[in-house]
Amino acid sequence: MIKNTIIAIDLAKHSFQVCKFNSDGKIDYNKAMSRKALIALLGNHVSALVAMEACGGSNYWARLARRHGHQVKIIHPRAVKGLQLKQKTDKNDAYAIGIAAQLPHINSCGIMEEDEQGLQALERVRMLQLEQRTALANQIRGLLTEFGIVIAKGLNHLVTALPDILEDAENGLPMNYRQALAAQSQMLQLYTTQIESYDRLIAEHTRHNPVCQKLSKLEGVGPLIALGLTVRLGNATEFNTGRDASACIGLTPKQHSTGGKERLGHISKNCADKRLRSLLYQGAMSVVNKAVSREPKTVKEQWLKALVDRRGKKVAAIALANKTVRTAVALIKNNDDYNPILLAA
């Protein structure tokens with residue numbers, strides 16, 4: 001048990017529930033506070049352990065508490081949920097957070113600095129624009145299909161075909177939808193231009209970030225993956241081993257063990273960083289496709305080619321993504337540069 005004053009905060013937008021445990025583990029108070037009162041409490045209170053759930057705004061409050069000399073523990077919501085034995089209220093939530101903070105086996109999530117959070121925001125904004133463009137393209141295809149106009153797969157085919165469709169007066173499109181289609185075409189081009197500008201910003205920031213440059217030397221790691229790993233791993237102190245990081249991203253098989261028997265299943269569909277895992281898989285698959293088409297030049301390519309022969313490309317790509325994350329953790333922790341081992345000539 002942690003013998004320290006604990007300030008457990010159930011975060012919100014305006015009204016915050018604060019449960020204070022003294023060094024004996026007893027509750028001094030459990031009351032609601034305004035944003036202004038909570039800032040004053042963190043600024044005036046002696047050093048304590050400040051605990052909160054990982055959610056929107058938790059990184060801001062964690063940085064604020066650390067600036068005032070407090071220890072900070074950001075707890076995963078699943079760990080707190082298991083300790084909520086009564087009805088869900090703000091008081092019970094804050095109490096459960098305080099209990100979870102006292103358990104030594106519940107580790108803290110990583111705390112992002114402003115620059116890291118800015119990079120994450122840039123990547124999230126790009127991803128939203130990408131999803132909106134995909135949704136718009138799918139809607140255009142679906143509506144045109146209703147008029148008997150079918151376009152081949154791929155965004156380039158759609159962009160190329162739209163001007164001809166709008167100019168063709170005999171394709172059966174009514175004027176009311178033709179006007180809407182013209183506006184959709186302009187919006188599609190606007191999305192593409194904006195995404196390209198985000199790509200340039202990401203490439204520029206990764207060039208000036210030493211950790212991103214270090215990770216970019218790994219096989220199959222481009223600016224987006226390097227940015228995602230830098231944001232997700234941080235200084236890698238959150239993870240005891242590289243396997244912990246791989247499991248957090250969702251690249252290790254689920255385990256079900258009982259009675260001394262260990263059973264490994266598939267990688268999880270839900271408990272994962274799906275966005276980063278998808279990027280890692282795509283990058284690994286490109287490396288796999290190149291590795292099988294030529295003679296191996298490094299020890300890793302030799303291992304990868306043998307794995308493809310035994311298990312296939314998809315399993316090999318997941319294994320390579322797993323190895324990439326583990327290597328990234330080692331590079332960050334040891335402040336090393338990546339140098340692949342070449343095969344003897």
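## A hairpin out in the open

In this predicted model, Ser-257 stands opposite Glu-262, a residue of strand 7. The two strands involved are strand 6 (residues 253-258) and strand 7, which run antiparallel and are joined by five bridges. Together strand 6 and strand 7 make a hairpin with two residues between them. Look at the turn and you will find Gly-259, which has a positive phi of about 60 degrees.

Is strand 7 enclosed, or does it lie largely in the open? Strand 7 covers residues 261-267, and of these seven residues the number buried is zero, so the strand lies largely in the open.

## A five-strand sheet

Now turn to another set of strands. Five of them make an open sheet with mixed pairing, and their order is 3-2-1-4-5. At the edges are strand 3 (27-34) and strand 5 (71-75), each of which pairs on one side only. From one strand to the next, the twist averages 20 degrees.

Inside that order, strand 1 (residues 6-10) and strand 4 (residues 49-53) pair in the parallel sense, over four bridges. You can pick out one such bridge yourself: Ile-9 has Met-52 in strand 4 as its partner. Helix 1 (residues 35-44) lies across strand 1, strand 2, strand 3 and strand 4. Relative to strand 3, helix 1 runs at about 135 degrees.

## Rings that meet

There are four aromatic pairs in the structure. Take Phe-16 and Trp-61: their ring centres are 5.2 Å apart and their planes are at 70 degrees; planes over 60 degrees apart count as edge-to-face, so this pair is edge-to-face. The pair links distant parts of the chain, with Phe-16 in strand 2 (residues 15-21) and Trp-61 in helix 2 (residues 58-67), 45 residues apart.

Are these two rings' residues buried or exposed? Phe-16 counts as buried at 0% relative accessibility, and Trp-61 counts as buried at 3%. Tyr-60 joins them, and Phe-16, Tyr-60 and Trp-61 form one aromatic cluster.

## Charges over rings

Rings can also have lysines over them in this model. Lys-31 lies over the face of Tyr-29, at 4.7 Å from the ring centre. Over the ring of Trp-303 sits the charged end of Lys-323, 4.5 Å from the centre of that ring.

## Tyr-95 and its contacts

Which residues does Tyr-95 touch, not counting those up to four places away in sequence? The answer is Cys-19, Phe-21, Ile-27 and Asn-30. Tyr-95 itself is found in helix 4 (residues 90-102), and is partly exposed, with a relative accessible area of 37%.

Asn-30 is a nice one to trace along the chain. Asn-30 and Tyr-95 are 65 residues apart in sequence, and their C-alpha atoms are 7.8 Å apart in space.

## The nonpolar cores

The largest nonpolar core has 42 residues, and those that touch the most other members are Leu-215, Leu-229, Leu-233 and Leu-280. Several helices give two or more residues to this core, including helix 5 (114-145), helix 7 (175-207) and helix 11 (274-291). Helix 13 provides the largest share, nine residues. A second, separate core has 20 residues, among them Leu-42, Ala-48, Cys-109 and Ile-111.

Leu-215 gives you a close view of the packing. Leaving out residues up to four places away in sequence, Leu-215 touches Val-221, Ala-226, Leu-229, Thr-230, Ala-328, Leu-331 and Ile-332. Thr-324 lies in helix 13 (residues 313-334) and is buried, with a relative accessible area of 4%. Beyond its neighbours within four places in sequence, Thr-324 is in contact with Leu-218, Glu-219, Val-221 and Leu-280.

## An enclosed helix

How many of the 11 residues of helix 9 are buried? Nine are, so helix 9 is largely enclosed by the rest of the structure. Among the buried residues are Leu-224, Gly-228, Thr-230 and Leu-233.

The buried residues of helix 9 pack against helix 5, helix 7, helix 8, helix 10, helix 11 and helix 13. Just after helix 9 comes Gly-234, with a positive phi near 60 degrees.

Terms used: Residues numbered from 1 in each chain as written. Predicted model: local features only at pLDDT ≥ 70, side-chain atom pairs only at ≥ 80, totals over all residues. Heavy atoms only, no water. Phe/Tyr/Trp six-rings, centres within 6.5 Å; stacked < 30°, edge-to-face > 60°. Buried < 20%, exposed > 50% of the residue type's maximum accessible area, 1.4 Å probe, protein only. Lys NZ or Arg CZ within 6 Å of the ring centre and 35° of its normal. Pairing = 2+ DSSP bridges. Axes fitted to C-alpha atoms, helices over the stretch in contact; angles between N-to-C directions. Contact = heavy atoms within 4.5 Å. Core = buried A, V, L, I, M, F, W, Y, C linked by side-chain atoms within 4.5 Å.
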